[in-house]
Amino acid sequence: MYKRTTLKNGLRIITVPEKTAKAATVLVVVGAGSKYETKNLSGLSHFLEHMFFKGTRKLKKPKDVAEPLDRIGGDFNAFTGEEYTGYYAKVSAEHLDTALVWVSDIFLNSRIPLKEIEKERGVIIEELHMYNDNPRMYIGQLWKEVLYGDQPAGWDIGGRKETVAKIKRQDILDYISSQYTSENTVVAVAGKIREKEVIKKVSDIFSKIKKGKAKSKLKVKDRGRGPGVLIHKRKTQQTNLALGVKAYDLFHKDRFAASLLAIALGGMMSSRMFIEVREKLGAAYFIRTFNESDTDSGWLCTFSGVDNAKLEKVIQTIVREYGKMAKTRISEKELKKAKDYLKGKMVLGLESSDDKASFFGIQELLRKEIMTQEQIFAKIDKVTRSDIQRTAKNLFKTENLNLALIGPFEDNKKFKKLLKL
């Protein structure tokens, strides 16, 4: 299903051939994200991602960077997270060489021109404004802040206007030198490919990447016992909320139980939160429970946009549903539905070459170990009703609850009183 090749310089290549595919994706992913940053350089990883589209030695201008893939109808972009940054191109299979040359060129040969840095500051600040002006987007950042506080895990991936305004070209070059190294990089190629040829070409092209290990990130610190409440007062017609707990990292034995717990609570239109808050109370259009796992942190949280007048009732309902999971075992029928939902979504999510490249490449980068779809399904199938209840008991405690709000409120005391299990 896939092949892992490690070069002498430490670079890892993951190839995922699929004979019936008509497209192919090249993804280069590196261990560089907001958790690797210092406070005065918050947003550096994301800034660098933008700069890789501003010109290489061969492709001098931003337009020159875009045209090779525009000419063949390719999809190309990049993304920055807390623990990784990725650059990819997805093309019709006959143009795989074009994609490989393009991705490797921006990754290895970007010039980081000074004049483009100055222009891109404004672009990034407007991107921050876009997210901050949208309560449904901004609540995700406030959730991280109430959960982790003033440390990298709690900072905005895009940084702050103050830090973005001060990032210098040398800061970017130093960051490339420290993080964009052979042992900290994975190249994943998926779709209709000739595996041996791809491995040879990637090996040749990436032979000049800087060798060595990268700087490690700081460990996430525990913010302390809660419950914690963070309110961003804003005159809105509805309140956006995030209510949840810290959960498990990628290596925890109960992370699949936590995923199924989140699905049963609020992952589906027939899940508990949807029924109780939307169908019965009529208090929200959107409500969803998510479980997120990183290498050294994790969380489980319910997000919603609710009627201001029904906010307290919704908070009480969410807390009550958390408590029910800890007190009473989930039924076999409900657990099976959650398992089938999770497996079904994974099947759908691995239909395309870009999805496959991300699935295998990011696992290799973060875990240094890959679980196939079948192996993950086996883990999911082993989760029992008792596992779900034990996980709920461990996670859902009054001192673990955290709440972030965007709405016309400012007194957090009354909301703290509602956070009791």
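**A first look at helix H9 and its surroundings**

1. Glu-351 makes a good starting point: its relative accessibility is 57%, so this residue counts as exposed (exposed means over 50% relative accessible area, buried under 20% and partly exposed in between, with a 1.4 Å probe and protein chains only). You will find Glu-351 in the loop between H12 and helix H13 (353-367); helices here are DSSP runs of H or I with at least four residues, strands are runs of E with at least two, and both are numbered from the N terminus. Ile-193 is 158 residues from Glu-351 along the chain, and their C-alpha atoms are separated by 16 Å.

2. A word on what you are looking at: this is a predicted model, in which local features need pLDDT of at least 70 and side-chain atom pairs count only at pLDDT 80 or more, while totals for chains, interfaces and linings use all residues. Residues are numbered from 1 along each chain as its sequence is written, and side-chain values use heavy atoms, with hydrogens and water left out.

3. Now the whole chain. The protein chain has 16 helices and 11 strands. Its radius of gyration is 23 Å, close to the 22 Å that the globule rule gives for 421 residues, so the chain is as compact as a globular protein of that length (the radius is taken over C-alpha atoms, and the rule is 2.2 Å times the number of residues to the power 0.38). The C-alpha trace spans about 60 × 45 × 35 Å along its principal axes.

4. How much of the chain is buried? Of its 421 residues, 55% count as buried. As for contacts (heavy atoms within 4.5 Å), 81% of those with a separation of 6 or more join residues 24 or more positions apart.

5. Helix H9 deserves a closer look. H9 has 12 residues and reaches 17 Å from its first C-alpha to its last, close to the 16 Å expected at 1.5 Å a residue; the expected span is 1.5 Å times one less than the number of residues. Is H9 enclosed or open? It is largely enclosed by the rest of the structure, because 12 of its 12 residues are buried. Among them are Arg-255, Phe-256, Leu-265 and Gly-266.

6. One partner of H9 is H12. H9 (residues 255-266) and H12 (residues 332-349) pack at an angle of about 105 degrees, with their axes 9 Å apart; axes are lines fitted to C-alpha atoms, for helices over the stretch in contact, and angles run from 0 to 180 degrees between N-to-C directions. That makes H9 roughly perpendicular to H12 (65 to 115 degrees; under 35 is roughly parallel, over 145 roughly antiparallel and the rest oblique). H9 brings Ser-259, Leu-260, Ile-263 and Ala-264 to the contact, and H12 brings Glu-334, Leu-335, Ala-338, Lys-339, Tyr-341 and Leu-342. By class, seven of these residues are nonpolar, one is polar and two are charged (Ala, Val, Leu, Ile, Met, Phe, Trp, Tyr, Cys and Pro count as nonpolar, Asp, Glu, Lys and Arg as charged, and the others, Gly among them, as polar).

7. Another partner is helix H15 (residues 385-395), which packs against H9 at an angle of about 85 degrees, with the axes 9 Å apart. Here too H9 is roughly perpendicular to its partner, H15. Ala-257, Ala-258, Leu-260 and Leu-261 of H9 meet Asp-387, Ile-388, Thr-391, Ala-392 and Leu-395 of H15. Seven residues of this contact are nonpolar, one is polar and one is charged.

8. H10 also belongs in this picture. Arg-272, Met-273, Phe-274, Glu-276 and Val-277 are buried in helix H10 (residues 272-280). What do the buried residues of H10 pack against? They pack against H9, strand E9 (284-293), strand E10 (298-307), helix H11 (311-327) and H12. Gly-282 follows H10 and has a positive phi, near 60 degrees.

9. Two further buried residues round off the tour. Arg-367 in helix H13 counts as buried at 13% relative accessibility. It touches Leu-250, Phe-251, Arg-255 and Ile-362, leaving aside residues up to four places away in sequence. Leu-250 is 117 residues from Arg-367 in sequence, yet 7.7 Å away in space, C-alpha to C-alpha. Gln-373, in helix H14 (residues 373-382), is buried with a relative accessible area of 14%. With the same sequence neighbours left out (up to four places away), Gln-373 touches Met-346, Val-347, Leu-350 and Phe-359.
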